[in-house]
Every structure is written in structure tokens, then in C-alpha cells.
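I opened this notebook to record what I looked up in the structure, one topic at a time. The entries follow the order in which I went through them.

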Amino acid sequence: MKRYLIAVVFCLCLLLNGCASKYDEDAIHAYADALTALQDCTGMNTDIKVLIYEDEDQEHLMSKLNMNGAVLKHDKDLQMNMDASVSANGVILRNLKFYMKDANIYFDIFDTKFKQPLDKETAFFDFDEIVTFQSKINQEDITASIQDNMKEFRYQDQEAGIIAFIIQESFIQKFTDQSTESKIAIHQLRGTIAIKDGQVTTYSFLMELDIDDQPYTIDTTIELSDFNQIKEIQFPDLSEFDSQEDYDVTEEL
């Protein structure tokens with residue numbers, strides 16, 4: 001009888017584990033609150049690291065990108081300064097600088113200074129929405145968006161505030177560039193979100209993909225800090241930056 005009860009309990013545990021929701025309501029609620037705090041934040045420091053490997057096991061590092069700087073909502077303008085360095089195939093490029101002001105992005109790279117407008121047709125985000133939208137994020141909308149676009153979204157470590165997620169293949173496909181001459185196949189995009197004291201402090205993404213049948217892994221970490229402590233962005237003389245809307249950075253590489 002004892003063995004029978006143990007077997008029943010074991011089977012019930014397996015069943016309950018298999019039926020567990022892939023969407024953790026506590027994690028979704030915490031993330032919605034953190035997004036509201038992030039939305040209301042006036043400024044922060046950012047640190048971005050991108051590692052690109054030529055394999056799935058992350059043994060052969062091909063290139064590395066480091067970016068750090070600050071972001072500030074100033075009146076109705078989104079401002080930014082960012083320093084970057086890139087290393088690839090033994091070549092290191094340092095002192096690459098980027099700025100954002102008055103809906104323009106300014107580039108100071110390879111001894112060339114130029115600017116490009118970020119209008120609504122070309123920008124990855126809406127300036128007006130980021131700067132002026134202040135209403136609380138709707139919990140139901142966040143839940144629906146997560147369930148539509150995520151395979152999983154749940155706590156990996158609730159005490160530490162770590163949420164793990166896996167993005168749906170159909171959502172990834174929307175952002176695959178169909179016009180490129182290269183054949184790109186993204187197999188998986190997953191990661192974690194760290195929340196501390198009600199703020200998102202880290203986004204981590206791991207993407208596995210093939211380009212022309214060559215496997216790559218892209219490991220990205222975005223760290224956010226010093227919330228609401230950034231009061232001013234330091235800019236160089238922006239009048240020195242020429243307008244070059246069609247400038248191709250890759251021509252300089």
C-alpha cells in the first residue's frame with residue numbers, strides 16, 4: 001500500500017507539473033508595474049553588451065559591441081549620449097560616439113560627424129508616445145501581449161526578481177528581414193528580465209540563428225541604473241554635424 005501511495009503521489013506531481021501555466025501571473029504583474037515605473041522615469045544610465053559567436057555553443061567569439069551612456073526625457077524631447085567600442089577579427093574600434101536630440105541622431109565615428117533625422121517612418125519608436133504618455137500600463141493588455149508573443153513568461157527566481165521568457169517563433173518572424181540577400185533563420189530567442197525595487201534593471205537576450213546555413217549565437221545584455229538621477233545630457237557642438245540622411249556606416253568598415 002505504501003508503494004502504491006508513493007506511486008500515486010509521484011504521478012500527480014508529474015501531472016501537475018505538466019499542467020503548470022507557462023504564464024506566471026505574479027511575474028506578469030511585477031513586470032507591468034516595472035514597465036510603468038520605467039515609463040515614468042525621467043532619465044537613467046545604460047550599459048549594453050553584445051557578443052556574437054560563430055557557433056551554438058558560444059565557444060568561438062566573432063565580435064563584441066560595448067555601449068554605455070545616458071538617456072533623458074527633457075521637456076518633450078528624448079535625449080541620449082552613448083560611447084561605443086567594437087571588436088571583430090582582432091580589430092578594435094573605440095571612441096565611437098552617438099547622440100540624440102531634437103528627434104535627430106548624431107554620429108561621431110571614423111573622424112566623420114553627421115546627423116540623421118528620426119521621423120516616425122524610420123524610427124524604432126514614437127518620440128511623442130515615450131515622452132508624453134503617462135497613463136498606467138493596463139495589466140490586461142500586458143497579459144494579452146505576453147500570451148500572444150511569448151511561449152513562456154514566468155519567474156525563474158521570484159526571490160531574486162528574475163523572470164525568464166521565450167519568444168514565439170511567429171513574433172520573431174515578423175522582424176526577420178525578408179529583403180536581405182542572406183538567408184536568415186532564427187531558431188530561438190529567449191532571455192531573462194531582472195526587477196529590483198520595482199524597476200527593470202537588466203534585460204538579457206540569447207538568440208540562436210543561421211545566416212546562409214552558418215550557425216550564430218547573439219548574447220545581449222542591457223543594464224539600466226541611476227533611475228531619475230540624470231538631470232542633463234552633455235553634448236558637443238552639434239552645429240558641426242552635417243546632414244547626411246543616406247550615409248552608410250558599413251562603407252567605412
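**Entry 1: a polar pair.** I began with the side chains of aspartate 210 and histidine 187, which a polar contact of 2.9 Å joins; the model I am reading is a predicted one. Aspartate 210 lies in strand S10, and I noted that with a relative accessible area of 17% aspartate 210 counts as buried, because the cut-off for that word is under 20%. Leaving aside residues up to four places away in sequence, I listed what aspartate 210 touches: Lys183, Ile184, Ala185, His187 and Pro215.

**Entry 2: confidence.** Before going further I looked up how far the model can be read. The chain has a mean pLDDT of 82, with 77% of its residues at 70 or more. Among the elements of the chain, S8 has the highest mean pLDDT, 96, while helix H1 (residues 2–19) has the lowest, 41. Over residues 1–20 pLDDT stays under 50, and for this stretch the model has 1 contact beyond four places in sequence. Where pLDDT is low, the predicted coordinates should not be read in detail, so I take nothing further from residues 1–20, where pLDDT stays under 50.

**Entry 3: the sheet.** I then traced the strands and found an open sheet of 12 with mixed pairing, in the order S7-S8-S9-S10-S11-S1-S2-S3-S4-S5-S6-S12. Which strands stand at the edges? They are S7 and strand S12 (242–243), and because each has a single partner strand, one side of each is left without a neighbour in the sheet.

I followed some of the pairings one by one. Strand S1 (residues 43–53) runs antiparallel to S11, and 9 bridges join the two; tyrosine 53 stands opposite threonine 217 in S11. S1 also pairs with strand S2 (residues 61–74), again in the antiparallel sense, over 11 bridges, and here aspartate 47 has asparagine 68 in S2 as its bridge partner. S2 in turn is joined to strand S3 (residues 77–88) by 12 bridges, the two running antiparallel, with serine 63 bridged to alanine 88 in S3.

**Entry 4: asparagine 68.** Having met this residue in S2, I looked up its surroundings. Asparagine 68 is partly exposed, at a relative accessible area of 41%. Not counting residues up to four places away in sequence, asparagine 68 touches Thr46, Asp47, Asn81, Met82 and Asp83. The C-alpha atoms of asparagine 68 and asparagine 81 are separated by 8.4 Å, although the two residues are 13 apart along the chain.

**Entry 5: positive phi.** Where do residues other than glycine take a positive phi, such as aspartate 213? In the hairpin of S2 and S3, with 2 residues between the strands, I found aspartate 75 with a positive phi near 55 degrees. Asparagine 89, in the loop between S3 and strand S4 (91–101), also has a positive phi, of about 55 degrees, without being a glycine, and asparagine 89 is exposed at a relative accessible area of 70%. Aspartate 213 lies in the loop between S10 and S11, has phi near 70 degrees, and is exposed with a relative accessible area of 61%.

**Entry 6: helix H2.** I checked the length of H2, which has 16 residues and reaches 23 Å from its first C-alpha to its last, close to the 22 Å expected at 1.5 Å a residue. At its N-terminal end aspartate 24 acts as a cap, with a side-chain oxygen 2.9 Å from the backbone nitrogen of aspartate 26. The buried residues of H2 include Ala27, Ile28, Tyr31, Leu35 and Leu38.

**Entry 7: the cores.** In soluble globular proteins, nonpolar side chains tend to be buried together. Here the largest nonpolar core has 31 residues, of which Tyr31, Ile146, Phe153, Ile163, Ile193 and Ile195 touch the most other members. The elements that give two or more residues to this core include helix H2 (25–40), helix H4 (139–149) and strand S7 (150–157), and the largest share, 8 residues, comes from H2.

I looked more closely at phenylalanine 153, whose contacts, apart from residues up to four places away in sequence, include Ala27, Ile28, Tyr31, Ile146, Ile163 and Ile193. A second, separate core has 15 residues, among them Ile48, Leu78, Ile109 and Phe114.

Key:
Residues numbered from 1 in each chain as written. Predicted model: local features only at pLDDT ≥ 70, side-chain atom pairs only at ≥ 80, totals over all residues. Heavy atoms only, no water. Core = buried A, V, L, I, M, F, W, Y, C linked by side-chain atoms within 4.5 Å. Buried < 20%, exposed > 50% of the residue type's maximum accessible area, 1.4 Å probe, protein only. Helix = DSSP H or I, 4+ residues; strand = E, 2+ residues; numbered from the N terminus. Contact = heavy atoms within 4.5 Å. pLDDT = per-residue confidence, 0-100. Expected span 1.5 Å × (residues − 1). Polar contact = N/O pair within 3.5 Å; in protein donor to acceptor, adjacent residues only side chain to side chain. Pairing = 2+ DSSP bridges.
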